[in-house]
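Colleague: Could you walk me through the helix packing and the ligand site in this one?

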Amino acid sequence: MTNPFLFEYTSQRKLLLVVNLWIILCEIMNDNDLYEAIFKRKSIRNYDSTKFDQNRLEEISKGLAGLKPLSEGIKTEFKIISPDQVTRKTLNKAPHYIAAFSEAKGAYKANIGFMLQQMDLYFSATGLGSCWLGIPQPTKEVRESSNLEFIILMSFGNSSETIYRTGVSQFKRKPLSEITNIEGADELLEPARLAPSAVNLQNWYFTGDKNLIHAYSSKSSFFRNIIGGGYFPVNMGIAIYHLQLAAQHLGWKAKMVFEEGLDKNPPKDREYITSLKIEKP
Ligand SMILES: Cc1cc2nc3c(=O)[nH]c(=O)nc-3n(C[C@H](O)[C@H](O)[C@H](O)COP(=O)(O)O)c2cc1C
């Protein structure tokens with residue numbers, strides 16, 4: 001005679017398996033959508049002023065709560081704020097902004113770049129506009145509402161202009177030959193090349209080989225900081241996220257490793273950030 005408990009147990013397991021598979025499928029679909037967005041996204045600066053309803057904002061808050069970090073163990077906080085909580089008056093207003101805060105520890109600015117770029121691609125993939133904002137600032141009240149350091153804003157909302165580029169040629173970017181000397185890893189480095197950066201500075205350089213990619217940034221300096229160089233680390237986090245997402249899209253892993261010694265002897269005018277070990281199954 002069949003054991004009824006056994007039947008219940010196996011059907012529960014089957015249900016669990018189906019639910020797990022569904023979750024995995026959703027994640028893969030999401031990541032694929034994010035990957036596709038790399039090749040068509042653009043910064044959006046003109047918005048329809050209509051605010052989102054509470055459900056939509058909660059969905060976005062859930063997205064923020066689920067962002068993957070570049071470095072574990074750094075406290076971060078993301079707040080959705082309104083235009084009256086942003087000080088720059090000349091700004092083309094967006095209906096909503098994300099204010100990003102972080103504990104000042106390790107590669108914390110690159111970590112914010114890595115995390116918030118997931119939202120930039122998410123907004124683009126779901127038909128919304130967004131733009132990283134290094135110049136506008138949140139009000140004093142918003143800054144003081146967190147124990148963490150304020151890092152940057154990102155605007156988002158329904159766009160009043162077309163949100164997609166129709167081809168890679170529409171991106172104003174340096175050619176691959178200016179950002180890397182690695183051969184045979186274009187499928188990873190092209191997505192990094194297309195990453196957005198403050199004042200479009202594209203301060204990244206990749207060396208090594210197709211299995212171990214070392215990421216360097218241009219060095220910051222007083223003069224460079226005046227024209228956006230203060231965001232070099234954020235830009236690095238953004239490009240590294242594109243690279244890692246591309247690896248994931250190919251079914252590979254890009255594991256972050258810090259190669260001792262590379263930080264002590266970087267090429268002229270460059271600063272070592274991290275390396276990505278590419279693992280293929
Ligand atoms: C860290 C960071 C800060 C930025 N700050 C501003 C800003 O204050 N105002 C603005 O209009 N765009 C800002 N941008 C958007 C860049 O100008 C834009 O990403 C770059 O020119 C490339 O264009 P694209 O995003 O349309 O590809 C910023 C981008 C990044 C990554």
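Modeller: Sure, here are some questions and answers on a model that is predicted.

Colleague: Is α3 parallel or oblique to α8?

Modeller: Helix α3 covers residues 108–125 and helix α8 covers residues 232–249, with their axes 6 Å apart. The angle between them is about 45°. Angles under 35 degrees would count as roughly parallel and 65 to 115 as roughly perpendicular, so α3 against α8 comes out as oblique.

Colleague: Which class gives nine residues to the contact of α3 with α8?

Modeller: On the α3 side the contact includes Ile112 and Phe114, and on the α8 side Met236 and Ile238 are among the residues involved. By class there are six polar residues and one charged residue, and the other nine are nonpolar.

Colleague: What is the handedness of the crossing of α6 and α8?

Modeller: Helix α6 runs over residues 186–193, and its axis comes within 8 Å of that of α8, crossing at roughly 145°. The crossing of α6 and α8 is right-handed.

Colleague: Which residues of α6 make the contact with α8?

Modeller: From α8 come Ala239, His242, Leu243, Leu245, Ala246 and Ala247. By class, this contact has eight nonpolar, one polar and one charged residues. The α6 side consists of Glu187, Leu188, Pro191 and Ala192.

Colleague: Where does the ligand lie with respect to domain 1 and domain 2?

Modeller: The ligand is surrounded by 19 residues, and the closest are Trp132, Gly134, Ile135, Pro196 and Ala198. Domain 1 spans 54–157 and domain 2 spans 172–279. Both give residues to the shell, so the ligand lies between them.

Colleague: How many residues of the shell around the ligand are nonpolar?

Modeller: Elements giving two or more residues to this shell are β3 (129–133) and α8. Five residues of the shell are polar and two are charged, while the nonpolar ones number 12.

Methods:
Residues are numbered from 1 along each chain as its sequence is written. This is a predicted model: local features need pLDDT of at least 70, side-chain atom pairs count only at pLDDT 80 or more; totals for chains, interfaces and linings use all residues. Axes are lines fitted to C-alpha atoms, for helices over the stretch in contact, and angles run from 0 to 180 degrees between N-to-C directions. Helices (H or I, at least four residues) and strands (E, at least two) are DSSP runs, numbered from the N terminus. Angles under 35 degrees count as roughly parallel, over 145 as roughly antiparallel, 65 to 115 as roughly perpendicular and the rest as oblique. Two residues are in contact if their C-beta atoms, placed from the backbone, lie within 7 Å. Ala, Val, Leu, Ile, Met, Phe, Trp, Tyr, Cys and Pro count as nonpolar, Asp, Glu, Lys and Arg as charged, and the others, Gly among them, as polar. A residue is near a molecule or strand if its C-beta atom, placed from the backbone, lies within 6 Å of it. Domain bounds come from an automatic or database domain assignment. A crossing is left-handed if the near helix is turned anticlockwise from the far one by less than a right angle, and right-handed if clockwise.
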